[in-house]
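Colleague: Got a minute to go through this model with me? I'd like a quick tour before I set anything up.

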Amino acid sequence: MDISLLLRVAGVGLIVSVICQILTKSGREEQAMLVSVAGVVLVLLMVVKEIGALIDTIRHIFGL
């Protein structure tokens with residue numbers, strides 16, 4: 001796992017939390033929830049490649 005992935009995930013989390021706070025303070029709770037869901041989906045898309053590599057490693061270790 002590369003440190004850049006961790007930094008990208010942290011950056012997305014920081015940006016999403018700031019946007020959610022701004023939207024919540026302005027009374028747009030629905031948009032804040034959509035932004036948070038979009039942030040989770042974006043992070044999952046970034047992590048999918050690493051999860052695939054982990055599954056391949058587990059298969060290789062157990063000889064499946």
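**Charges, fold and surface**

Modeller: Sure, starting with the charges: the chain has 5 positive and 5 negative side chains, with the centres of the two sets 3 Å apart. Lys and Arg count as positive and Asp and Glu as negative, leaving out His and the chain ends, and each charge is placed at NZ of Lys, CZ of Arg, CG of Asp or CD of Glu.

Colleague: And what should I know about the model itself?

Modeller: This is a predicted model, where local features need pLDDT of at least 70, side-chain atom pairs count only at pLDDT 80 or more, and totals for chains, interfaces and linings use all residues. Residues are numbered from 1 along each chain as its sequence is written, and side-chain values use heavy atoms, without hydrogens and water.

Colleague: How many helices and strands are there in the chain?

Modeller: The chain has 2 helices and 0 strands. Those are DSSP runs numbered from the N terminus (helices H or I, at least four residues; strands E, at least two).

Colleague: What radius of gyration does the chain have?

Modeller: The chain has 16 Å, whereas a compact globule of 64 residues would be near 11 Å. That is over C-alpha atoms, with a globule rule of 2.2 Å times the number of residues to the power 0.38. The C-alpha box along the principal axes is roughly 55 × 20 × 10 Å.

Colleague: How much of the chain counts as buried?

Modeller: 12% of the 64 residues. Buried means under 20% relative accessible area, exposed over 50%, and partly exposed in between (1.4 Å probe, protein chains only).

Colleague: Switching topic, which residues form the nonpolar patch on the surface?

Modeller: Leu54, Ile58, Ile61, Phe62 and Leu64, with about 600 Å² of accessible area together. Leu64 sits in the segment after helix 2 (29-62) and is exposed, at 79% relative accessible area.

Colleague: Where is Arg8?

Modeller: Arg8 is in helix 1 (residues 3-25) and counts as partly exposed at 45% relative accessibility. Its C-alpha is 8.7 Å from that of Met46, 38 residues apart along the chain.

Colleague: What about Val35, and how far is Cys20 from Val35 in space?

Modeller: Val35 belongs to helix 2 and is partly exposed, with 23% relative accessibility. Val35 and Cys20 are 6.8 Å apart, C-alpha to C-alpha, and 15 residues apart in sequence.

Key. Patch = residues over 30% accessible without salt bridge, like charges linked within 9 Å, V, L, I, M, F, W, Y side chains within 5 Å. Areas by Shrake-Rupley, 256 points an atom, 1.4 Å probe, with all protein chains shown as cover. Salt bridge = Lys/Arg side-chain N within 4 Å of Asp/Glu carboxyl O.
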